[in-house]
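Here is a structure to read step by step. A learner asks, and a teacher answers.

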Amino acid sequence: MLQARDDAVPSALPALSWPQRAPPRAGWRGTARSGRMPLSSTFILGIQDSVDGVCHLGTKAAYDAVGHNVGNLAFHYAMTKILGGPQDSLEWHVDPERMNAMARLGVMPCANQIGPHADYGRLADRFATLRIPLVAVGMGAQGGADYALPEVPEGTRRWIEEIAKRSPRGAPNIGLRGPFTLKVLEQCGLGDRAVVTGCPTLFLNPDPMLGRRIAAKAAKPFAHVAMAAGHQKWRQLSALEASLTRILDESGGSYIVQSPIEMVALARGEADSLPEEDLVELRDYARPGTTLDEFKRWSRRHARAFFNISEWMEHLRGVDFVAGTRIHGIVLALQAGTPGLCIAHDSRTRELCETMGVPFIMAGEVIRGTTLEELRSRFVFDGEAFDAHRRAMARTMDGFLQSNALAPSAWLGRIIGS
């Protein structure tokens, strides 16, 4: 387990001086006893942790509000719990001077930003003008399931470097999803600025005996199940996805979508407004062999999208088992006390499963399709081992945050046992 270090920032990345470079609000330095930031001196650099009034929004506006994946809400919500309550927030694309005007420490819940799929050069230029400290949590790399190291665009490398320069105390201030992402940062010369913390969603439930609760539920029949829906562009997984939706027919369960926008529109009852070619693509991925009208009726019966994490977890609490290719859909099930099995198909899903102790199988093992009986047989789970691992990960997260002048809440302390 990698621990946060308190060594100085290397000379190649000289730390900016806090608070001299950014005049602080009162209480910037925390209390004399702790030396950590009080809650009023932090803000979330990202999205809100839920979409208030989503029922009044069109699907594009709702989709934009979650950063184009409903699962993004999960780690933003988790950070509010870890930090002790609701936070002010600003999105990454706002004018940097608005961020500077906050005169607070910006906490960045991150996703799989590292890889050839995205060049953050323009964002690096914006971040270069920031005069506030930053802490990133849950940053991940995206690559193939074989863990081949991806190419990282120069702009993205510069963006990560700008974050590293803004460490509150000179300690590593970038929390990573796992060892694979750490290797990717090492090839960029930035490995010593990061610590493997996993994803904050591992700590959405403060119960220190969560694993034992999951194991007890797993001993009961899997009569009512849910599936974490994939993405219709993942055509190599179409036979697998179709087998998962057939399981829902047998159990009357939910098909919970996260992205892309066509999937979300489908779950919001807007199938009739989708272009026919999009509807055909969705049908061919999830329910091949049905007519479009049959697919629309099936979607109304099963498809769901959640814009509030507590409501999502409440729904998952009421089912017996969750499976699918979306890592956060599975993590939310586990955090709700429900057995979940991730079908990992790339580095981002595999890495998080391995780092956080999430039960998983590789997609290649069931690429031609599966059954509920097979998925249940593949769900191998030791509740006590899960609790011990989660406790160790919580200690690592706690140490990382404290080394960056942040005071984790009692929520995290309950998992640690302190």
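The dialogue below takes up the features of this predicted model one at a time.

Q: Where does UniProt place the feature "domain: Polysaccharide pyruvyl transferase"?

A: The UniProt record, an unreviewed entry, places it at residues 112–347. In the model, the end C-alpha atoms of that span lie 10 Å apart. The span is 42% helix and 13% strand.

Q: How do I read a sheet? In what order do the six strands of the open sheet come?

A: Read across the strands, not along the chain. Here the order is S2-S1-S3-S4-S5-S6, and the pairing is parallel. The edge strands are S2 (89–90) and S6 (194–196), each of which pairs on one side only.

Q: How many bridges pair strand S4 with strand S5?

A: Two bridges, in the parallel sense, link S4 (residues 134–139) with S5 (residues 174–176). Within this pair, Met 139 stands opposite Leu 176 of S5.

Q: Which strands do helices H2 and H5 touch?

A: Take H5 to begin with. Helix H5 (residues 154–165) packs on the sheet and touches S3, S4 and S5. Its direction makes about 130° with that of S4. Helix H2 (residues 72–83) lies across S1 (42–45), S3 (105–109) and S4. The angle between H2 and S3 is about 135°.

Q: What should I know before I look at backbone angles?

A: Most residues other than glycine have a negative phi, and most peptide bonds are trans. Exceptions deserve a look.

Q: Which peptide bond is cis?

A: The bond from Ser 259 to Pro 260 is cis, with omega near 0°. Pro 260 sits in the loop between strand S8 (254–256) and helix H9 (261–267).

Q: Where does His 68 lie, and what is its phi?

A: His 68 is in the loop between helix H1 (59–65) and H2. Its phi is positive, about 70°, although His 68 is not a glycine. His 68 is partly exposed, with a relative accessible area of 43%.

Q: What about Tyr 147: what is its phi?

A: Tyr 147 is not a glycine, yet its phi is positive at about 65°. Its place is the loop between S4 and H5. Tyr 147 is partly exposed, with a relative accessible area of 22%.

Q: Why is Pro 150 classed as it is, buried or exposed?

A: Compare its area with the cut-off: buried means under 20% relative accessible area. Pro 150 has a relative accessible area of 9%, so it is buried. Pro 150 lies in the loop between S4 and H5. Beyond its sequence neighbours within four places, Pro 150 is in contact with residues including Gly 115, Phe 180 and Val 184. Gly 115 is 35 residues away in sequence, yet the two C-alpha atoms are 5.7 Å apart.

Q: Is Gln 232 buried or exposed?

A: Gln 232 is buried, because its relative accessible area is 2%. It lies in the loop between strand S7 (225–228) and helix H8 (238–251). Its side chain makes a polar contact of 3.2 Å with the side chain of Glu 262. Apart from neighbours within four places, Gln 232 is in contact with Pro 260, Glu 262, Met 263, Glu 281, Leu 282 and Tyr 285. Pro 260 is the residue that follows the cis bond.

Q: How do I read a helix? How many residues does H8 have, and what follows H8?

A: Check length, burial and ends. H8 has 14 residues and reaches 20 Å from its first C-alpha to its last, close to the 20 Å expected. Its buried residues include Leu 240, Leu 244 and Leu 248. Gly 252 follows, with a positive phi near 70°.

Q: What does H16 look like by the same checks?

A: H16 (residues 383–403) has 21 residues and reaches 30 Å, close to the 30 Å expected. Among its buried residues are Phe 386, Arg 390 and Phe 400. At its start, a side-chain oxygen of Asp 382 reaches to within 3.1 Å of the backbone nitrogen of Glu 384. After H16 comes Ala 405, with a positive phi near 70°.

Q: Which way do the side chains of a strand point?

A: In a regular strand the side chains alternate between the two faces of the sheet. In strand S10 (residues 321–324), Phe 321 and Ala 323 point one way, and Val 322 and Gly 324 the other way. All of these are buried.

Q: How many bridges join S10 to S7 and to S11?

A: Four bridges join S7 to S10, and the two run parallel. Val 225 has Phe 321 in S10 as its bridge partner. Three bridges join S10 to S11 (residues 340–344), again parallel. There, Gly 324 stands opposite Cys 342 in S11.

Definitions and conventions
Residues are numbered from 1 along each chain as its sequence is written. This is a predicted model: local features need pLDDT of at least 70, side-chain atom pairs count only at pLDDT 80 or more; totals for chains, interfaces and linings use all residues. Side-chain values use heavy atoms; hydrogens and water are left out. UniProt positions are given in the numbering used here, feature names are shortened, and annotations may be inferred rather than shown by experiment. Two strands pair if DSSP finds at least two bridges between them. Contact means heavy atoms within 4.5 Å. Axes are lines fitted to C-alpha atoms, for helices over the stretch in contact, and angles run from 0 to 180 degrees between N-to-C directions. Buried means under 20% relative accessible area, exposed over 50%, partly exposed in between (1.4 Å probe, protein chains only). The expected span of a helix is 1.5 Å times one less than its number of residues. A polar contact is a pair of N or O atoms within 3.5 Å; within protein, one must be able to donate a hydrogen and the other to accept it, and residues adjacent in sequence count only if both atoms are side-chain atoms.
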